[in-house]
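Student: Got a minute to go through this model with me? I'd like to know what I can read off it.

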Amino acid sequence: MTMEDGYYGRSMIKPPEWSDLIPAYFFVGGLAGASAAFAFTERLAKNDPLARALILTSAAGVAVSGYCLIADLKRPERFINMLRVFKPTSPMSMGVYLFSAFGGATTIAAAGELTGILRPIGRIFEGIAALLGPAMSVYTAVLISDTVVPAWHYGRTSMPGVFAATSAATAGAAGMLFAPAGFARPARRLALLGGLAMPLAIERLHMEMGPRQEEAYKEQQAGFFTKAAKLLNVAGLAAAVFAKDNGAAGKIAGTLLLASGLCERFGVFRAGCVSAKNPSYTIDAQRRRIGDRPQPQTPTRMEYAEITATSSRA
């Protein structure tokens with residue numbers, strides 16, 4: 001048995017106990033946040049059909065996110081109990097308040113859009129949702145990076161960029177999928193921008209983590225989802241390039257990019273589980289951290305003699 005085996009092969013940290021509802025929450029929450037921000041920009045640009053599709057997408061994402069989060073907690077009252085604590089230093093505490101504020105604003109904005117009742121008030125809440133949307137799309141990256149899970153923590157600087165790129169790509173994809181083809185050109189541009197940025201952000205993440213932690217993204221189910229995300233992203237970008245005003249190609253591109261974003265979130269989640277269960281990842285991270293510290297210099301024989309002479313004279 002080697003040091004990499006840990007203590008009898010047991011995990012040195014507690015693996016995440018989250019179910020698959022949590023990576024689904026990461027995906028849908030990011031989509032909702034980016035869609036709300038994008039909807040407001042298109043509202044200002046007088047592209048109402050696209051703005052309508054996006055704000056309704058965001059509201060649907062909030063509903064699905066709320067279900068995933070509360071269902072994973074097993075008991076609904078636990079979510080209410082989380083609101084009783086306000087801790088600025090805790091990403092989870094801040095995330096609960098962010099989700100609550102964003103979800104309320106988005107729901108009111110979508111209700112005004114659908115019913116036409118108090119629509120001016122709905123526009124105000126649409127603006128509030130747009131302000132909170134970017135934070136909503138990346139806060140889960142901060143949340144997982146604040147843990148001790150090696151495959152998440154050691155990519156803490158780059159992880160928000162990965163989530164931001166994926167959220168942008170999926171928001172553009174949703175616009176291509178649900179908006180009329182003649183109004184979906186801005187969504188196509190955003191989908192292309194996010195889709196191109198996503199592999200660059202992932203590469204930056206892997207460089208930050210180092211080769212050992214990167215292996216977690218290639219093992220078991222994490223490797224499957226990571227490869228699937230790349231292939232779907234390439235296929236979605238290719239379809240988006242040729243989409244233009246072609247409604248069918250736009251729908252195909254939107255579907256592929258949404259699937260790519262979902263696989264990317266599951267890949268990140270599974271990689272974290274792999275690195276938490278295998279003690280070698282934790283040991284490697286500890287060695288890296290120790291190696292980064294400045295090591296004390298041992299004095300030479302001459303320096304030691306000078307120190308001793310100085311001390312005796314004093």
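Tutor: Sure, let's go through the helices, the salt bridges, the empty spaces and a surface patch.

Student: What kind of model is it, and how are residues numbered?

Tutor: It's a predicted model, so local features need pLDDT of at least 70 and side-chain atom pairs count only at pLDDT 80 or more, while totals for chains, interfaces and linings use all residues. Residues are numbered from 1 along each chain as its sequence is written, and side-chain values use heavy atoms, with hydrogens and water left out.

Student: OK. How many helices and strands are there in the chain?

Tutor: The chain has 13 helices and zero strands. Helices here are DSSP runs of H or I with at least four residues, strands are E runs of at least two, and both are numbered from the N terminus.

Student: And what share of the residues counts as buried?

Tutor: 49% of the 314 residues. Buried means under 20% relative accessible area, exposed means over 50%, and partly exposed is in between, with a 1.4 Å probe and protein chains only.

Student: Switching to charges: how many salt bridges does the structure hold?

Tutor: Nine. A salt bridge is a side-chain nitrogen of Lys or Arg within 4 Å of a carboxyl oxygen of Asp or Glu. Side chains of opposite charge can pair when their charged atoms come close.

Student: Which side chains does R43 meet in salt bridges?

Tutor: Among them are D48, at 3.3 Å from N to O, and E126, at 3.0 Å. R43 sits in helix α1 (residues 21-44) and E126 in helix α5, so that pair ties together parts that are 83 residues apart in sequence.

Student: Are R43, D48 and E126 buried or partly exposed?

Tutor: R43 is buried, with a relative accessible area of 9%. E126 is buried too, at 0%, whereas D48 is partly exposed at 38%.

Student: What about R52, which residue does that one pair with?

Tutor: R52 forms a salt bridge with E113, and the closest N and O atoms are 3.2 Å apart. This pair links distant parts of the chain, with R52 in helix α2 (residues 48-72) and E113 in helix α4 (residues 91-115), 61 residues apart. R52 counts as partly exposed at 32%, while E113 counts as buried at 6%. Salt bridges that share partners join R43, D48, R52, E113, R123 and E126 into one network.

Student: Nice. Now the holes: how many cavities of 30 Å³ or more are there?

Tutor: One, with a volume of about 80 Å³. On a 1 Å grid over the protein atoms alone, a cavity is a set of points where a 1.4 Å probe fits but cannot get out; a pocket is an open set with protein on both sides within 12 Å along at least five of seven lines; and lining residues have an atom within 4 Å of a point. Grid points are joined across faces, edges and corners, and the volume is the space filled by probe spheres set on the points.

Student: What lines the largest cavity?

Tutor: The lining includes M176, R188, K244 and N246. Helix α11 (residues 247-277) gives the largest share, three residues. By class there are four nonpolar, three polar and three charged residues. Ala, Val, Leu, Ile, Met, Phe, Trp, Tyr, Cys and Pro count as nonpolar, Asp, Glu, Lys and Arg as charged, and the others, Gly among them, as polar.

Student: And the largest pocket, what volume does it have?

Tutor: About 290 Å³. It's lined by 13 residues, and W18, L69, L73, M82 and M92 lie nearest its centre. α1, α2, α4 and α5 each give two or more residues to that lining. The classes come out as 11 nonpolar, one polar and one charged.

Student: How does the second largest pocket break down by class?

Tutor: Its lining has four nonpolar, three polar and three charged residues. The volume is about 180 Å³, and α11 supplies the largest share of the lining, five residues. D20, F269 and R270 are among the residues there.

Student: Last one: which residues make the nonpolar surface patch?

Tutor: I108, I117, L118 and I121, covering about 380 Å². Patches are made of residues with over 30% relative accessible area and no salt bridge, where like charges are joined within 9 Å and nonpolar side chains (Val, Leu, Ile, Met, Phe, Trp, Tyr) within 5 Å. Accessible areas come from the Shrake-Rupley method with a 1.4 Å probe, and for residues only the protein chains shown count as cover. I121 is in helix α5 (residues 119-145) and counts as partly exposed at 38% relative accessibility.
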